[in-house]
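Notebook, structure look-up. I went through backbone angles, surface and pockets, and wrote down what I found.

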Amino acid sequence: MNGNPRTDGPPQEAHEAAASAAPEASTEQQPPAEEAAVDAEKQRLEAELLAARRRVDQLARAYQELEKDREEFKQRLTRERERMMDVERGNVAATLLEAVDELDRSLSMSGGDVSSPLAQGVKMIRDGLLSKLQQTGIERIQVVGLPYDPNTAEATDMDITTNPDDDQKVVAEVRAGYRLKDRIIRPARVKVAKYVAPAQA
């Protein structure tokens, strides 16, 4: 007002320049802090992703084990059902085999005359029953001439032999034996040779 020039101009401009420079300095220092926060967030997300992948792997393995157990259970159930069916089939077959035995006795009592119509009819029925049994997987056990096996045959008689090679061999079949797959449904009844050394003169 008194004609003197203003003396607060330059200092105010210097203050404004300093103020405008301060934010620039602060913005230059903030990016490392932001980068650290971003890195920390990135590491956290990577750790969560890794944990999620491990969890997914665990669940996948658990699901595979469950599927494996389910398949094994189904197979076990199927095997058990087949075994029970084989048992029932064997029980029915045992009844039919008794009928075959009766027919065999009828033929043996005919005096060997198989030419008569009655004997031919009986033989036809017997052969038909045996054929149907074979179609269901039942087969006759071959024992004659083989070493005696108590798992497949019952010894009902003994035959003395002087040949050591024939000792404990089946020499005759009294009643036929049958098996279904690996299960004996009826053991054979057999005569077994017993070796006795000849008396010395």
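Entry 1, Q168. I looked up how far Q168 is open to solvent in this predicted model. Its relative accessible area is 37%, so I put Q168 down as partly exposed, since that class runs between under 20% for buried and over 50% for exposed. I then located Q168 in the loop between strand 2 and strand 3. The backbone angle caught my attention: Q168 has a positive phi of about 65 degrees, and it is not a glycine. I noted this because most residues other than glycine have a negative phi.

Entry 2, K181. I found another non-glycine residue with a positive phi, K181, at about 60 degrees. K181 also sits in a loop, here between strand 4 (178–180) and strand 5 (183–186). Is K181 buried or exposed? I read a relative accessibility of 53% for K181, and because the cut-off for exposed is over 50%, K181 counts as exposed.

Entry 3, nonpolar surface. I searched for nonpolar patches and recorded one of about 280 Å². Which residues make this patch? They are M158, I160 and V196. I traced I160 to strand 2 (residues 153–161). The relative accessible area of I160 is 51%, so I160 is exposed by the over 50% cut-off.

Entry 4, largest pocket. I took the volume first: the largest pocket holds about 220 Å³ of space. I then listed its lining, which consists of D101, D104, R105, S108, R126, R140, V174, R175, A176, Y178, R186 and R189. Two or more lining residues come from each of helix 1 (9–108) and strand 3 (170–175). Which element gives the most to this lining? I found that helix 1 does, with 4 residues. I sorted the lining by residue class and got 8 charged, 3 nonpolar and 1 polar.

Entry 5, whole chain. I finished with the chain totals. I counted 2 helices and 6 strands in the protein chain. How do these elements run from the N terminus on? I wrote the order down as α-α-β-β-β-β-β-β. The protein chain has 201 residues, and buried residues make up 15% of them.

Conventions
Residues numbered from 1 in each chain as written. Predicted model: local features only at pLDDT ≥ 70, side-chain atom pairs only at ≥ 80, totals over all residues. Heavy atoms only, no water. 1 Å grid on protein atoms, 1.4 Å probe; cavity = no way out; pocket = protein on both sides within 12 Å on 5 of 7 lines; lining within 4 Å. Points joined across faces, edges and corners; volume = space filled by probe spheres on them. Nonpolar A, V, L, I, M, F, W, Y, C, P; charged D, E, K, R; others polar. Patch = residues over 30% accessible without salt bridge, like charges linked within 9 Å, V, L, I, M, F, W, Y side chains within 5 Å. Areas by Shrake-Rupley, 256 points an atom, 1.4 Å probe, with all protein chains shown as cover. Salt bridge = Lys/Arg side-chain N within 4 Å of Asp/Glu carboxyl O. Buried < 20%, exposed > 50% of the residue type's maximum accessible area, 1.4 Å probe, protein only.
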